[in-house]
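Biologist: I am new to this structure and should be grateful for a close look at a single part of it. Please choose one element, follow it to its neighbours, and then place it within the whole.

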Amino acid sequence: ISGLLLLLVVLPLVSWYYLSRGYDYQLQARSELKDYGKWSIKSSGLDTMENTVVFALLNENSSRDSTFYITLVKLIEQFGERPDFLIGLIKSSGQNITFETLSDSNLIFIDQDDFVSDEVLVDNKLYLADRRGTIRNSYDYHQDAALKRMVEHIALILPQQPTSDILYIPEEEK
């Protein structure tokens, strides 16, 4: 009787509890992703649509900031394999800032004169934009909690990659 009670009552209640907590987490995380306006790159052949983009305003201070550099390295390590994820660094036309050790295909440099945005960009922030070019949220890269939340939001916005199926190819009979 106790085994039957465990299978019919306790296990479904525990399962329901964990599923409802996951659902509440999803609702909370998605409610934090708001519409802060559109962004685009004018007079550029670079197509950033259909890509999730994290971008930042690059200046002399941020190029020397080790926290900023470490954040970029961690983002590339975690999402660098994704072809639909980009990190855009917006720099002034007179700046010649490069990150030699971050020669990655996910890193793009955008001229500030060509960058058009409904949101006013602030230093020390990373901005997350979805695949439709909508700015969804901004994060201070000096705060660990904000960076953790940004990674969670990126994981929510990025579409799931298709899993590889196991293919069964029967051998030919001899």
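Modeller: In this predicted model, strands E6 and E7 form a hairpin, with five residues between them. Within that turn lies Gly133, whose phi is positive at about 80 degrees. The two arms of the hairpin cover residues 125–129 in the case of E6 and residues 135–140 in the case of E7. They run antiparallel and are joined by five bridges. One pair can be located directly: Leu128 has Asn137 in E7 as its bridge partner.

E6 is the part on which I shall concentrate. This strand is mostly covered, since four of its five residues are buried. The loop leading into E6 from strand E5 (115–117) contains Asn124. Most residues other than glycine have a negative phi. Asn124 is not a glycine, yet its phi is positive, at about 65 degrees. As for its surroundings, Asn124 has a relative accessibility of 38% and therefore counts as partly exposed, because the range for that class lies between 20% and 50%.

E6 also pairs with strand E2, which comprises residues 52–57. Here again the sense is antiparallel, and there are four bridges. Among the paired residues, Val53 has Ala129 in E6 as its bridge partner. E6 is thus bridged both to E7 and to E2.

What, then, is the setting of E2: is it enclosed or open? Six of its six residues are buried, so E2 is largely enclosed by the rest of the structure. Its side chains fall into two sets. Thr52, Val54 and Ala56 point one way, while Val53, Phe55 and Leu57 point the other way, and the residues of both sets are buried. Val53, the residue bridged to Ala129, belongs to the second of these sets.

From E2 the pairing continues to strand E3, residues 85–91. This pairing is parallel and consists of six bridges, whereas E2 and E6 pair in the antiparallel sense. Within it, Phe55 stands opposite Gly88 in E3. Following the bridges one after another therefore leads from E7 to E6, from E6 to E2, and from E2 to E3, as DSSP bridges define the pairs.

It remains to place this part in the whole. The protein has four helices and seven strands, and their order along the sequence is α-β-β-α-α-β-β-β-β-β-α. The radius of gyration is 22 Å, well over the 16 Å that the globule rule gives for 174 residues, so the protein is more spread out than a compact globule. Its C-alpha trace spans about 75 × 55 × 30 Å along the principal axes. Of the 174 residues, 37% count as buried; the residues of E2 and four of those in E6 are in that class.

Contacts between distant parts of the sequence are also prominent: among contacts with a separation of 6 or more, 67% are made by residues 24 or more positions apart. Finally, the accessible surface comes to about 11,500 Å², and 54% of it belongs to carbon and sulfur atoms.

Notes. Residues are numbered from 1 along each chain as its sequence is written. This is a predicted model: local features need pLDDT of at least 70, side-chain atom pairs count only at pLDDT 80 or more; totals for chains, interfaces and linings use all residues. Side-chain values use heavy atoms; hydrogens and water are left out. The radius of gyration is taken over C-alpha atoms; the globule rule is 2.2 Å times the number of residues to the power 0.38. Buried means under 20% relative accessible area, exposed over 50%, partly exposed in between (1.4 Å probe, protein chains only). Contact means heavy atoms within 4.5 Å. Accessible areas come from the Shrake-Rupley method with a 1.4 Å probe; for residues, only the protein chains shown count as cover.
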